[in-house]
Amino acid sequence: MLTPRQELVLRKVVLAYQASDQPVPSRVLAEDPEISASAATIRGELAQLEEHGLLTHPHTSAGRVPTEGGFRYFVDRLLPEPAREQRLDLSLVRREVDQAMRVTSETLSRVTDLLAIVSAPPLETATVRHVEVLALQPQILMVVVITSTGGVTKRMFAFDAPVDPGLAAWAGAYLNERLEGVGLGARMLHSRLLDEGLDPRERAFVERLAPAFTDLAATAEDSLYVEGAARLIGEHSGADLPQLNALMEMLERRVALLGVLREALGDHDVVVRIGAENRAPALRSLALVAAGYGLPGRPLGTVSVIGPVRMDYAGAIGAVQDAARQLSGFVEELYG
C-alpha cells in the first residue's frame with residue numbers, strides 16, 4: 001500500500017508521461033506546487049515506487065516511466081470518478097442500426113483520438129418486420145426481408161417456369177401474416193412458415209422460398225465497425241515488425257477482434273485491460289477500454305477503444321461509458 005505522498009507522486013508521473021511521452025525527471029516533480037517535498041525526498045519516493053514495480057527508467061540519467069503495473073494502480077485507485085454528463089453528440093434518434101453503429105465508432109475515435117470499435121447487436125436478436133416477394137422477371141423472384149433493427153436482406157430465386165403473379169402476391173401476404181414479429185433466431189420460425197391448411201402448390205412454393213428466412217441468422221456475421229486504424233498503426237510504427245504485423249492481421253481478421261470484445265460483453269462497468277493483461281498477443285503492448293450495451297439483463301454488443309498504454313484513461317473511460325449508455329437507450333427504443 002502506498003502512502004498518500006507516493007500516490008501523489010505516481011499520479012504526477014503518469015499524467016506528465018501521458019502528456020509528453022517522455023521520461024519524467026525528478027526536477028519536474030520538484031517544481032510542482034502540489035508536491036510539498038524537497039528534491040531529495042521526491043527522489044526517495046521515486047525509488048520506492050520503482051521498488052514496488054510501479055515505475056522504471058530507460059537508463060540511469062533518464063527520468064521515470066510508469067510500468068504497466070503503475071498504470072494499473074493509477075486506473076484502479078487514482079482516477080477521479082468519471083462524470084456522467086454526455087460527452088459524445090451521437091444523435092442516434094431515428095437512425096437505422098447500421099448508421100447508428102457507424103456514427104458511434106466515428107465519433108468515439110474522433111473524440112478520443114484512439115481506435116474505436118463497436119459491435120452491432122447479433123442479427124438473431126432481431127425480428128421480422130416486413131416481407132416483400134417481388135417478381136423481377138417471369139422466372140426470377142426476389143424476397144426482401146426487413147428486420148426490426150432496420151436491416152434489409154435480399155435473396156434471389158430462379159424457377160424453371162414463369163411464376164404465377166397471383167401466387168407471388170399471395171406468398172407476400174401469407175409470409176407477412178405468419179412471420180411478422182418472429183425472431184430470426186427463434187426455433188419456431190421454420191414451423192411458422194408452413195400452415196396445415198396450405199394446399200400442395202402453396203406448400204411447395206413456400207418451401208422453395210424458406211431459405212430466405214431459415215438461412216438468414218445462420219449465415220449472418222457479427223458486424224464490427226472500426227474507425228481510427230491509421231491512428232493506432234501510426235502510434236505503433238516504432239514497434240518491432242512481428243508486433244506490427246500481428247496488430248494489422250487482427251484488424252483485418254475481425255473475428256479475433258470480436259473475441260476480445262466479447263470478454264467485456266455483459267459487464268456493467270467499464271473494462272480496462274493494460275498491456276500484458278490482454279490475452280491477444282497483438283494487444284499486449286496496448287491498452288483496451290470497453291463496455292457492454294444492451295437491454296436490461298440482455299447484453300447486445302460492446303463499445304471499445306484501443307490505444308497506447310499511456311492513453312488518457314479518464315477521457316477514454318468517460319467516452320466509452322457515454323457511448324454505451326446512449327447505445328443502450330437507442331436499442332431499448334428500437335426493440336421496445
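Before we look at two helices that pack together, a word on terms: axes are lines fitted to C-alpha atoms, for helices over the stretch in contact, and angles run from 0 to 180 degrees between N-to-C directions. Two packed helices are described by the angle between their axes and the distance between the axes.

Hello everyone, and thanks for coming. What you see above is a predicted model, where local features need pLDDT of at least 70, side-chain atom pairs count only at pLDDT 80 or more, and totals for chains, interfaces and linings use all residues. Residues are numbered from 1 along each chain as its sequence is written, and side-chain values use heavy atoms, with hydrogens and water left out.

Let me start with the overall picture. The protein chain has 14 helices and 10 strands; these are DSSP runs numbered from the N terminus, helices being H or I with at least four residues and strands E with at least two. Of its 336 residues, 47% count as buried. Buried means under 20% relative accessible area, exposed means over 50%, and partly exposed is in between, using a 1.4 Å probe and protein chains only. Now for contacts, meaning heavy atoms within 4.5 Å. Among the contacts in the chain with a separation of 6 or more, 60% are between residues 24 or more positions apart.

Now to that pair of helices. Helix α1, residues 4–20, packs against helix α3, residues 39–51, at an angle of about 85°, and their axes are 10 Å apart. That makes α1 roughly perpendicular to α3. On that scale, under 35 degrees is roughly parallel, over 145 roughly antiparallel, 65 to 115 roughly perpendicular, and the rest oblique. Who meets whom here? On the α1 side we have R5, Q6, V9, L10 and V13, and on the α3 side T41, E45, L46, Q48 and L49. The residues of this contact divide into 5 nonpolar, 3 polar and 2 charged. For those classes, Ala, Val, Leu, Ile, Met, Phe, Trp, Tyr, Cys and Pro count as nonpolar, Asp, Glu, Lys and Arg as charged, and the others, Gly among them, as polar.

Just past α1 sits D21, in the loop between α1 and α2 (26–30). D21 has a positive phi of about 60° although it is not a glycine, and at 36% relative accessibility it counts as partly exposed. D113 is another residue other than glycine with a positive phi, near 60°, and its place is the loop between α5 and β3 (115–119).

Next, please find the open sheet of 3 strands, in the order β4-β5-β6 with antiparallel pairing. Two strands pair if DSSP finds at least two bridges between them. At the edges stand β4 (128–137) and β6 (152–158), each with a single partner strand, so one side of each has no neighbour in the sheet. On average, neighbouring strands are turned by 20° against each other, direction ignored.

Let's walk across it. β4 and β5, residues 140–147, pair in the antiparallel sense over 8 bridges, and they form a hairpin with 2 residues between them. Within this pairing, E132 stands opposite V144 in β5, and L134 stands opposite M142. On the other side, 7 bridges join β5 to β6, with I146 opposite V152 in β6. And how many residues of β5 are buried? 6 of the 8, so this strand is largely enclosed by the rest of the structure.

Two helices lie across the sheet strands. Helix α6 (residues 165–179) crosses β4 and β5, running at about 165° to β4. Helix α8 (residues 200–209) lies across β4, β5 and β6, running at about 125° to β6.

I'll finish with two single residues. T104 is in helix α5, residues 97–112, and is buried, with a relative accessible area of 0%. Leaving aside neighbours within four places in sequence, T104 is in contact with L90, L92, V118, A323 and L327.

The other is N278, in the loop between β8 (271–274) and β9 (286–295). Is N278 buried or exposed? Its relative accessible area is 4%, so N278 is buried. Its side chain reaches the backbone oxygen of L283 at 3.1 Å. Not counting residues up to four places away in sequence, N278 touches R273, L283, R284, L286, A287 and L288.

Thanks for listening, and I'm happy to take questions.

Terms used. A polar contact is a pair of N or O atoms within 3.5 Å; within protein, one must be able to donate a hydrogen and the other to accept it, and residues adjacent in sequence count only if both atoms are side-chain atoms.
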